[in-house]
Amino acid sequence: MEMNYKFLKLEIDEDKYKKYGNKNLELQLLELPEKIQFCKKCIGSNQRPRTEFDSEGVCAACRYAEKKFNGGIDWKKREHELEELLDKHRSKDGSWDVIVPSSHGKDSALVSHQLKAKYGMHPLTATWAPYIYTDIGFQNYFNMTHRGFDGLVAWPNGYLHRKLSRVVFELKGDPFEAFVYGQKAYPFQLALKFNIPLIFYGENGEVEYGGSYKNENKSHETPEDWEKSYYKGAGFDTVLKEGFNMGIISEEELNDNNFDFYRAPPMNEIKKLNLQMHWWSYYKPWVPQENFYYASKNTGFEPRHERTDGTYTKSFSIDDMLDPYHWYLAYIKFGYGRATREACSDIRCGHISREEGVALAQRYDHEFPQTYFKEFLEYLDITEEHFRKVIDRYRLPHVWQKENSKWKRTKIVSNSSLEGETPKVE
Ligand SMILES: [Zn+2]
């Protein structure tokens, strides 16, 4: 598609901005162990926040994968649970009975399609629009709705959305966080609006990729869970306040907009509806590669023609031009890139060996996402020099060192040592 996007200059109070200085609200960086360690089975490292290794040096996500594929989970029983749940919610008159938060990528496409075709449900797909749609992302959206799906897309105020992304890029080292607030809140809002007490997500990321295992044997989250995880801590309102303090959000913008798209709806309303949010990955073994084949066959999903910058894949998270900068900033902060993350999943699913994973990570992790860099800079209204200055604030001394005035990681994943090796070139 030939598009002519016009990005207005972001009006910023320069005096306030200069006075504010460099604040870092990315608290995860304070908790990273200084001694880098890699998993014995996959290529993940202990620099991924909340990652834990057991006494044999294996990460929790790998241990979960063993259970998942080797008989540790009774999938028949879970299938039965799924049928029971859906029987309870299925509408008789064709009205929507389940909300599927969906980018219309391969994973959410599979969930929506199975709910409808296999289980006779009536899904409404809820899409929080990407910052800037890629051609392939929009095409996949279009083709899926034309296979028989209803969908709603939320487009927040684009000018303010850019400002919020700029704030989180500077304060948290992640331009994507503004997107994430809306992505999480929007399905909740639709559930209340249309009185649909069931939301179905794809995978439980914490369980599949490492993090908290308290929900390992849980099919869903309830309002009580959200009270702890979603309604407390440095959330959207902190970002908004700091955005104002740093002169990026003006007083008028602060007071004359409701920002409701970014906030969770009132807890008492969610409780009244008895809203539940389930994970497909609790009921079925989650294999992203299989999801790709399924979505290609059933929903018209197509991958990119070329591999994505910074990795070896063509079909993961391909709908947003700005998405690669989320992964690149994770690489700066934690020392591992997008190829590592995707290879970990492929190793756990048995598609590639650890050695192949190491080779892919060494080859692609450090590759700069050049393809949409111009759009990224325009979107945030910053120069390349400013971009470099901000990202350098997020490099930890145990992850990065300067050599001949060039940044180089201290350790990268290796076949010979679980403590990694020094990279030759970056
Ligand atoms: Zn592992």
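Where in the chain is the place of Asp-97? In this predicted model, Asp-97 sits in a loop, with helix 3 (75-89) on one side and strand 1 (98-101) on the other. The residue is buried, and yet it forms no salt bridge. Arg-90 carries the nearest side chain of opposite charge, and it is 5.9 Å away, whereas a salt bridge calls for a distance within 4 Å. A polar atom of the Asp-97 side chain does, however, lie 2.7 Å from the backbone nitrogen of His-122. Leaving aside residues up to four places away in sequence, Asp-97 touches His-89, Arg-90 and Ser-91, then Met-121, His-122 and Pro-123, and also Ile-196 and Leu-198.

Turning to the nonpolar interior, the largest core has 70 residues. Within this core, Phe-169, Phe-376 and Phe-387 are the residues with the most contacts. Phe-169 touches both of these other phenylalanines, Phe-376 and Phe-387. Its further contacts beyond four places in sequence include Leu-329, Leu-380, Ile-382, Val-390, Ile-391 and Tyr-394, as well as Asp-174 and Pro-175. Another core, of 26 residues, lies apart from the largest one; among its members are Val-58, Cys-59, Ala-339 and Ala-361.

Ala-361 also appears among the buried residues of helix 17 (residues 354-364), together with Arg-354, Gly-357, Val-358, Leu-360 and Tyr-364. Viewed down the axis of helix 17, these buried residues fall within an arc of 165°, so they line one face of the helix. The buried residues of helix 17 pack against helix 16 (338-348).

Key:
Residues are numbered from 1 along each chain as its sequence is written. This is a predicted model: local features need pLDDT of at least 70, side-chain atom pairs count only at pLDDT 80 or more; totals for chains, interfaces and linings use all residues. Side-chain values use heavy atoms; hydrogens and water are left out. Helices (H or I, at least four residues) and strands (E, at least two) are DSSP runs, numbered from the N terminus. Buried means under 20% relative accessible area, exposed over 50%, partly exposed in between (1.4 Å probe, protein chains only). Lys and Arg count as positive and Asp and Glu as negative; His and the chain ends are not counted. A polar contact is a pair of N or O atoms within 3.5 Å; within protein, one must be able to donate a hydrogen and the other to accept it, and residues adjacent in sequence count only if both atoms are side-chain atoms. Contact means heavy atoms within 4.5 Å. A nonpolar core is a set of buried Ala, Val, Leu, Ile, Met, Phe, Trp, Tyr and Cys residues joined through side-chain atoms within 4.5 Å. The arc is that of the directions from the helix axis to the C-beta atoms.
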